[in-house]
Amino acid sequence: MNIRNSMPFIIPGLVLLFLIGLFARGLFLDPTKVQSPLIGKTVPTFSLPGLYDPTKKLDQNLLTGQVSLFNVWGAWCVACQDEHPVLVAFAKTKLLPIYGLDYHDDRQAALAMLDKGGDPYTAIFDDASGDVAIDWGVYGAPETFLVDKHGVIRDKLIGPVTQGILDTQLIPEIRKLQAEAP
Amino acid sequence: MIPELGHLALMLALCLAAAQAWFGIVGGQRGDAVWMSVIRPVATLQALFVLSAFVALAYSFLVSDFSVQYVAENSNVLLPWPYKITAVWGAHEGSLLLWVSVLGIWTLAVTWLSRHLPQEFAARVLGVLGLISLGFYLFMLTTSDPFTRLLPAAEQGRDLNPILQDPAMAIHPPMLYTGYVGFSVAFAFAVAALLGGRMDAVWARWSRPWTLTAWLFLTFGITLGSWWSYYVLGWGGWWFWDPVENASFMPWLVGTALVHSLAVTEKRGAFKNWTVLLAIATFSLSLLGTFLVRSGVLISVHSFASDPKRGIFILAMIGVFVGAALTLYAWRAPTLARGGGFQPFSRETLLLLNNIFLVVAAASVLLGTLYPLFMDAFGLGQLSVGPPYFNAVFIPVMAPFFILIGIGPYVRWKHGDPKTTARTLRIAAVVALLAGILSLTFIHAAGFLGLAAGVLLAIWTGASAFIEPLTRLRQRMQGRNVSFARATLGMCVAHFGAALLVLGITVTSVLGVEQDVVMRPGDSITVAGYDFHFDGVHGVQGPNYTATQGVFQVSKDGAPIATLRPEKREFASVGNETTEAAIEPGLFRDLYLALGNSLDKGAWSLRVQYKPLVRFIWLGGIFMMLGGLLAASDKRYRRSREAEGTDPATVEQV
């Protein structure tokens, strides 16, 4: 058997090696790190009823003046229920206000969840129709946006916030933003 | 207790699979008669153990044993019992158990139906199957054990994903997996042939019925999946080119090439290297499909729970299996003798072109599916590749392919005669041209040229599929004793199915009407000549959901046709909504109505669609499957051992 003749038959193996390398690389890319086109932009303009008091309208001006988190959640969403105790504990540190967007939800179910698990939010917008969530580019709940003092979105997290994400990523980012000039 | 028994059965199956691989491959290589004599009992026992593990999990679902984590996550007391069984494969762990159980059934079939094969060869085939089973058992037991207990037990299960609570979805995965897994038998035959250094017409004849059977199940599985997405997802689309669909379509395309290439190897002893490579590629793509669907590399951002450990394991498994097979291939292939030569105009040439078109089509789907990953892996940004890419690449490849389907069966092996072929096909050509010209009357429709081209190709393919059966029938009526092999009939039926598919796709894409409207109770609208009157909405209580149901009266020219009741269902246990479209089905057109959102003052947004010939798409799939069934059951494949080993040149010509 001569090497020259067997060259073409090695090609399929090389193709396989290339594809496997590609997949191995792909496995270590985080699918939740989809960059939002909204990063670096001012928060969308909106006005929604508050969850506790529907007669009171709340708007995007709440999100300016200090660094804040904007958390999209719903009582129907299993991952949000997992995330909830983490947010409640984090809110007790009073590092920054957390605003909630109750997304595509039943008001009573949302209130029941807060009653049972505690309320980490400074204020909650009731987005029953999901229209405001569309403006924020929300794919699903939970999603969390980090908003700076000028009301500019600086980061976005898809999926539940965990204690690990808080300690290694969010809290350092928040402190950096809080140190920026007003 | 039962889940523990299931777990134990899996572990025993793992040990037996290891023995099966060892005795089969090593025994086959050493020609050790004692070792080879234990392979069948070991393989049978291995399959029975994995099937009992499956039964154990199904039982846990039926009795709602929520102390099993997988059951608690995918079932619910209120779930109707047939869905409790189908919930077994509703998520990752159970679908893997289904995968290995289907492999167990294929293994049983091979043990029973391989007695006419030489002992070494059958042992090697079963050994390779044992190795594949071993890989999957290791995968399950280390990363995805379906029998893990949940302590304390849950009081109530989370319920099966509502979009999976549907009859078509219940049988879609088993059919698809039967196809996927069946290609592992074709792979095992190829590897066994490489190990033994014997790749000839006889090997191809042994391999053909298995490959055809796998192919027909995959065809049926994909057809069901398409039908399911049509009436469940609520958009009226029947193919989305999403990665999960592509994952099943790629092995289908390459598997179709393999079915045709095997014919050449069997009849003419040619294309051996290529056929073996296709068998390896088809199985690799089946594994790749499992990887893509299970690892989360391509799945959308919503797969929060994707676990890289699983992906790494499947990837390693692909690397080991396919890498070993390709190494063996690189070693053996150069030594193979070339098969019979052929002229430029011959059936071999046409089948070679068939293979090239199918492989190019599969490669273009692979490229489109992996391109986003490719860009991301090299830090070039994130993007997604959608239907425009696939349509732009796929249609130009498929158009010449369909011209060939019509010609191929009417060209002789080795040395064809263009004049004879042209004379045989002239009627089909005239009919197709007439149909194409007639469809130009839809000149007002956007894309009418595409319509004419699609109709022409479909009628051409369909008409040519009739020539062979009609000729044989005429000869018989003249009293001549002509044989008509089932394999040939199967080919004609499958090609006719392909014609129906193209006709359905073309007509529904070009002439279909789709309107998004807002209606209040009492309103009427007219779409494609049909009047839809909105009576109103009311609530409906299902076993594990509540629904809002709209009622619509459909009529044409004042004559009532149907009452359509589209629903939006809300599943309390998972807080999920599904859209149940209402469809008025017909062989020649579907009327499709889906309820959107409730707007102010009782108004609803709606999607109304008129879909002509949409059923031909799935009918085409069913015809292709039937063709495969006819071909696989040809008596030629059931010959006894004495008949084996015949020289390919003397084998009866189809």
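Right after helix α7 of chain B comes B:G197, a residue with a positive phi near 70 degrees. Keep in mind as you look at it that this is a predicted model. The helix that ends there, α7(B), runs over residues 167-196. Its 30 residues reach 45 Å from the first C-alpha to the last, close to the 44 Å expected at 1.5 Å a residue. Most of α7(B) is covered, with 23 of the 30 residues buried.

Step back along chain B from α7, and you meet a cis peptide bond. It joins B:L151 to B:P152, with omega near -5 degrees. The proline, B:P152, sits in the loop between α6 (119-143) and α7.

Now follow the chain the other way, to helices α8 and α9. In chain B, α8 covers residues 201-232 and α9 covers residues 243-268. Their axes come within 9 Å and cross at roughly 150 degrees. Since angles over 145 degrees count as roughly antiparallel, α8(B) and α9(B) are therefore roughly antiparallel to each other. The crossing is left-handed. As for what the contact between α8(B) and α9(B) is made of, its residues divide into 13 nonpolar, nine polar and four charged.

The loop between α8 and α9 of chain B holds B:W241. This tryptophan has a positive phi, near 55 degrees, in a residue other than glycine. How exposed is B:W241? It counts as partly exposed because it has 19 C-beta neighbours inside 10 Å, while a residue is buried from 20 upward.

A similar story can be told earlier in the chain, at B:S64. That serine lies in the loop between α2 (33-62) and α3 (69-74) of chain B. B:S64 is not a glycine, yet its phi is positive, at about 50 degrees. With 19 C-beta neighbours inside 10 Å, B:S64 also counts as partly exposed.

Another helix of chain B to look at is α5, residues 92-113. The 22 residues of α5(B) reach 32 Å from first C-alpha to last, close to the 32 Å expected at 1.5 Å a residue. Like α7(B), which is mostly covered, α5(B) has most of its length tucked away: 17 of its 22 residues are buried.

Zoom out, and chain B as a whole comes to 17 helices and ten strands. Its radius of gyration is 26 Å, close to the 26 Å that the globule rule gives for 654 residues, so chain B is as compact as a globular protein of that length. The C-alpha atoms of chain B fill a box of roughly 80 × 75 × 55 Å along the principal axes. Of the 654 residues in chain B, 50% count as buried.

Chain A makes a good companion to this picture. Its secondary structure comes to five helices and seven strands, in the order α-β-β-β-α-β-α-β-α-β-β-α along the sequence. The radius of gyration of chain A is 22 Å, well over the 16 Å that the globule rule gives for 182 residues, so chain A is more spread out than a compact globule. Its C-alpha trace spans about 85 × 40 × 30 Å along the principal axes. Buried residues make up 34% of the 182 residues in chain A.

To finish, find A:Y139, in the loop between α4 (131-135) and β6 (143-147) of chain A. With 13 other C-beta atoms within 10 Å, A:Y139 is partly exposed. A:Y139 and A:P182 stand 43 residues apart in sequence and 31 Å apart in space, C-alpha to C-alpha.

Terms used: Residues are numbered from 1 along each chain as its sequence is written. Chains are lettered from A and ligands numbered from 1 in the order in which they are written. This is a predicted model: local features need pLDDT of at least 70, side-chain atom pairs count only at pLDDT 80 or more; totals for chains, interfaces and linings use all residues. Axes are lines fitted to C-alpha atoms, for helices over the stretch in contact, and angles run from 0 to 180 degrees between N-to-C directions. Helices (H or I, at least four residues) and strands (E, at least two) are DSSP runs, numbered from the N terminus. Angles under 35 degrees count as roughly parallel, over 145 as roughly antiparallel, 65 to 115 as roughly perpendicular and the rest as oblique. A crossing is left-handed if the near helix is turned anticlockwise from the far one by less than a right angle, and right-handed if clockwise. Ala, Val, Leu, Ile, Met, Phe, Trp, Tyr, Cys and Pro count as nonpolar, Asp, Glu, Lys and Arg as charged, and the others, Gly among them, as polar. The expected span of a helix is 1.5 Å times one less than its number of residues. A residue is buried if 20 or more other C-beta atoms lie within 10 Å of its own, exposed if 12 or fewer, and partly exposed in between; C-beta atoms are placed from the backbone. The radius of gyration is taken over C-alpha atoms; the globule rule is 2.2 Å times the number of residues to the power 0.38.
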